[in-house]
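Reader: I'm new to reading structures, and I'd like to start small. Please pick one spot, go through it slowly, and then show me how the rest of the structure is laid out around that kind of detail.

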Amino acid sequence: MPVYIGKRLLVAIPTLLIISIFVFSLQKLLPGDPVLAMAGEDRDPATIEMLREKYHLNEPVVTQYVRWVGGILVGDFGVSLRTNQPVLELIGQKLPVTVQLAVMAMIFALLIGIPTGILAAVYKNRTLDYISNLIALSGLSVPNFWLGIMLILLVSVNLGWLPASGYESIFVDPVRSIKTMIMPAFVLSTALAAQLMRHTRSAMLGVLSSDYIRTARAKGLSPRQVILSHSFRNALLPIVTLSALLFGELLAGAVLTEQIFTIPGFGKLTVDAVFTRDYAVVQGIVMCTAIGFILMNLIADVLYALLNPRLRASL
Amino acid sequence: MSRLSTLTAALLAGAFMAFPAMSSELRIGINDDADVLDPAQSRSFVGRIVYTAMCDKLVDIDQDMKIVPQLATEWEWSEGAKVLTMKIREGVKFHDGEDLDAAAVVATIERNMTMPESRRKSELSSVEKVEATGPLEVKFTLKSPDVTLLAQLSDRAGMIVAPKAAKELGANFGSKPVCAGPFKFVERIQQDRIVLEKFADYWDKDKVLVDKVTYLPIPDTTVKLANLRSGDLDIAERIAASDAESVKNDPSLTYADVIGPGNMGVYVNIGNGPRADNPLGKDKRLRQAFSLAIDREAISQIVFEGTAMAGNQPYPPTSPWYNKEIPVPARDIEKAKQLMKEAGYETLDVELQHANNTMQTQMMQVVQSMVAEAGFNVTLKATEFATLLSEQTAGNYQMSRSDWSGRVDPDGNIHQFMTCKAGLNDMKYCNPEVDKLLDEARASTDDKVRKEKYDAASVILDDELPIIYLGHQPYAYGVSNKVEGWKPSPDGMIRLLGVSKK
């Protein structure tokens, strides 16, 4: 197992290198001058000159790239052009927010998606199945920004149950922290829950029609045991892969949801950085997200092995 | 008897002690997050809103945009507007307990002028040297006469920071700013909030009636309004024109607005590179026709629900600097067509770039259909803002829609756009006569003389139209009825002295 993980991590290095070149060149291809965007309304020539010098934007592109990658190797992702903060510090501030949001959204998605998926499979082509499908379809089709604003109007403005927007660190005030995150996490989870539901349903249907399930039933096992212990565990593999990928996506930040609920997470940071041409921040975020994705994939593969003894030997 | 009075005194004291314990907090929703919280380095509008509560300036402006004392109690120009002498208020303390004196003022101004990261250099570029001529007297010596310096000192360039903290933190001052305003810095969480608390030793502390101020950046206008309605916010700044009606209809809220000092205009490329070489850039009659084909009042009604003000000069018609001889023109299609004909055109194809947000797009579509009647075929090019900016400076445009937030002194709305070598002259418009008038206006300490110069310049600019002004944006606010004593300021800042919360 450790050898396997080590190998996987080594393979990640060229992937990251290619991503770094890609991100860097894409940034440079964007029209618009970061210094002009940053200099403010007055566009003071002295300021513009100072900014170009300070952020090495007057150097050749290749030199800039080498400087950047060289920095990353020693753990220096550069400084934000906009706020002067080190990029890593900025990401460090946003990461707990995004992770909390991602974890809560994932919990909601799993709690909604998996049971409805199982029910839909068990009651295939019956009312419960149709209801589950309807829920899944609405979850996928309703746009986040609309659902978010409707929830704010209903839950915060009319009922006054939860704060309309904002963020509180879980380490400072856990209760308020969770309260502010419930609505955004739920909004984010709807689309994920729908995908999970569909996958659970089809995976379960595949397993439920197999021979050993018939045997288990014939043996006189209770439906509960058949469904949960025998079928579900075998149907779990594709669900784990999907969950890991979905979670990886969540970690990249959720622009619209964060914007609506004013959550200072990754998505908002990214969008602001793109609009202000804050190169260092955009690059830093993309690199971190890429690393996150690679890790999530690895975790999914390791989980496979834990769930499926047949795969364990091959690792 | 004496025991009774002691008891009463104790009770009273208790009541007074208990009162501040019921701390009042003002929560203000701002449009975006501020940048660096260092007056020397900052550039964002919302940053200035925070400074208004945190950092006092040498001078302030009043409701009519007139300069009034703040940290400087009086001032005097001498030697033909080349020397400015200021008396500094006595007994002012910084948030860290340091005394604010002439030396602190000199240190701040020098920091603004020399620190490599400073963005105040151009605002103070006319200053030759600044020195303390007494414990509470400061003398500015200028390179050339520049009365606009006073207006610069009414903003970030004139915010005095604590010398010790500025020295210790250097360019990192924004991490823990120390100023001399009514509220002091407590904490900041990027993109989430900025918290200030009442400064007990403020020089005008009787007017500080809230204990804590929290600024919350909320970019989405619908969400900002929802927060205001649910009571999570007390004041929301710059609410959308489309939300004005619903704020007015909410019994627990008050709507307030004021016309800002800035302008909305369409820049015409007159001499900025090869793209200036087109009929519109070369023939002022075509620009006049374009301008006459626009119904400015209708734009305000359609796009801004009537909250904006129609205009045709760099400053709004409400400004004392506005030239009343040239009122906002009424739409005149016949005259526009005639001007087109004189210039030799039945129709003319024009490309107009604008920022790709809803309001700009809507506004430009309205203009597009208005000028079409006079024969202009306008192609709209919606462009993302950072790109628009670089295209505009590079001269890669024919017409470009741009905003200016406005300055206290009229010079700030006109000199840097209209003089030949000016930094924001993206039209590359150049008329020596205008240069002369605007330079002279800068050099006079007599407002009457200045007004004459600006009036003369505005006549030329209205004829040649390098920028076709469309109007003036409002600063609109939604305010909870719990807030008392607050009114909007013409510079869009949120002044909190005398403001309390029920």
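Author: Let's begin with a rule for burial: a residue is buried if 20 or more other C-beta atoms lie within 10 Å of its own, exposed if 12 or fewer, and partly exposed in between. Keep in mind that this is a predicted model.

Our spot is Glu25(B), which sits in strand β1, residues 25-30 of chain B. Is Glu25(B) buried, exposed or partly exposed? Glu25(B) has 13 C-beta neighbours inside 10 Å, so it counts as partly exposed. You can check that against the rule, because partly exposed is what lies between the exposed limit of 12 and the buried limit of 20.

Next, which residues does Glu25(B) touch, if we skip those up to four places away in sequence? They are Val210(B), Asp211(B), Lys212(B) and Thr214(B). Now set Glu25(B) beside Val105(B): 80 residues separate the two in sequence, and their C-alpha atoms are 31 Å apart in space.

Let's try the burial rule on another residue of chain B. Met65(B) is in the loop between β2 (59-61) and β3 (67-69). Met65(B) has 22 other C-beta atoms within 10 Å, so it is buried. There's something else to notice here, and it starts with a general point: most residues other than glycine have a negative phi. Met65(B) isn't a glycine, yet its phi is positive, near 65 degrees.

Chain A has a case of this too. Asn125(A), again not a glycine, has a positive phi of about 60 degrees. You'll find Asn125(A) in the loop between α5 and α6 (127-141) of chain A. This time the burial rule gives another answer: with 8 other C-beta atoms within 10 Å, Asn125(A) is exposed.

Chain A also has glycines with a positive phi. Gly75(A), just after α4(A), has a phi of about 80 degrees. Helix α4(A) itself covers residues 61-73, and its 13 residues reach 19 Å from first C-alpha to last, close to the 18 Å expected at 1.5 Å a residue. Gly220(A) follows α9(A), and its phi is positive as well, near 95 degrees. Helix α9(A), residues 211-218, is hardly covered, since 0 of its 8 residues are buried.

Now let's step back and take in chain A as a whole. How many helices and strands does chain A have? The count is 14 helices and 0 strands. The C-alpha atoms of chain A fill a box of roughly 85 × 55 × 35 Å along the principal axes. Of the 315 residues in chain A, 37% are buried. If you take contacts in chain A between residues at least 6 apart in sequence, 70% of them join residues at least 24 apart.

The UniProt record adds labels to chain A. Its unreviewed entry lists several stretches as "transmembrane region", including residues 9-26 and 101-122. In the model, residues 9-26 of chain A are 100% helix, and the end C-alpha atoms lie 26 Å apart. Residues 101-122 of chain A are also 100% helix, with the end C-alpha atoms 32 Å apart.

How do helices pack here? Two packed helices are described by the angle between their axes and the distance between the axes. In chain A, the axes of α5 (87-122) and α8 (174-208) come within 5 Å and cross at roughly 35 degrees. That crossing of α5(A) and α8(A) is right-handed, and their contact has 23 nonpolar, 7 polar and 1 charged residues.

Chain B offers a pair to set beside it. Helices α10 (296-304) and α12 (358-372) of chain B pack at an angle of about 140 degrees, with axes 10 Å apart. α10(B) passes α12(B) in a right-handed crossing. On the α10(B) side you'll see Ile299(B), Ile302(B) and Val303(B), which meet Met359(B), Gln362(B), Met363(B) and Val366(B) in α12(B). By class, that contact has 6 nonpolar, 1 polar and no charged residues.

Last, look at where the chains meet: the contact takes 31 residues from chain B and 36 from chain A. On the chain B side, α6 (221-229) and α13 (385-394) each supply at least two residues. The largest share of that side, 6 residues, comes from α13(B). By class, the side of chain B that touches chain A divides into 12 nonpolar, 11 polar and 8 charged residues.

How values were computed. Residues are numbered from 1 along each chain as its sequence is written. Chains are lettered from A and ligands numbered from 1 in the order in which they are written. This is a predicted model: local features need pLDDT of at least 70, side-chain atom pairs count only at pLDDT 80 or more; totals for chains, interfaces and linings use all residues. Axes are lines fitted to C-alpha atoms, for helices over the stretch in contact, and angles run from 0 to 180 degrees between N-to-C directions. Helices (H or I, at least four residues) and strands (E, at least two) are DSSP runs, numbered from the N terminus. A crossing is left-handed if the near helix is turned anticlockwise from the far one by less than a right angle, and right-handed if clockwise. Ala, Val, Leu, Ile, Met, Phe, Trp, Tyr, Cys and Pro count as nonpolar, Asp, Glu, Lys and Arg as charged, and the others, Gly among them, as polar. Two residues are in contact if their C-beta atoms, placed from the backbone, lie within 7 Å. UniProt positions are given in the numbering used here, feature names are shortened, and annotations may be inferred rather than shown by experiment. The expected span of a helix is 1.5 Å times one less than its number of residues.
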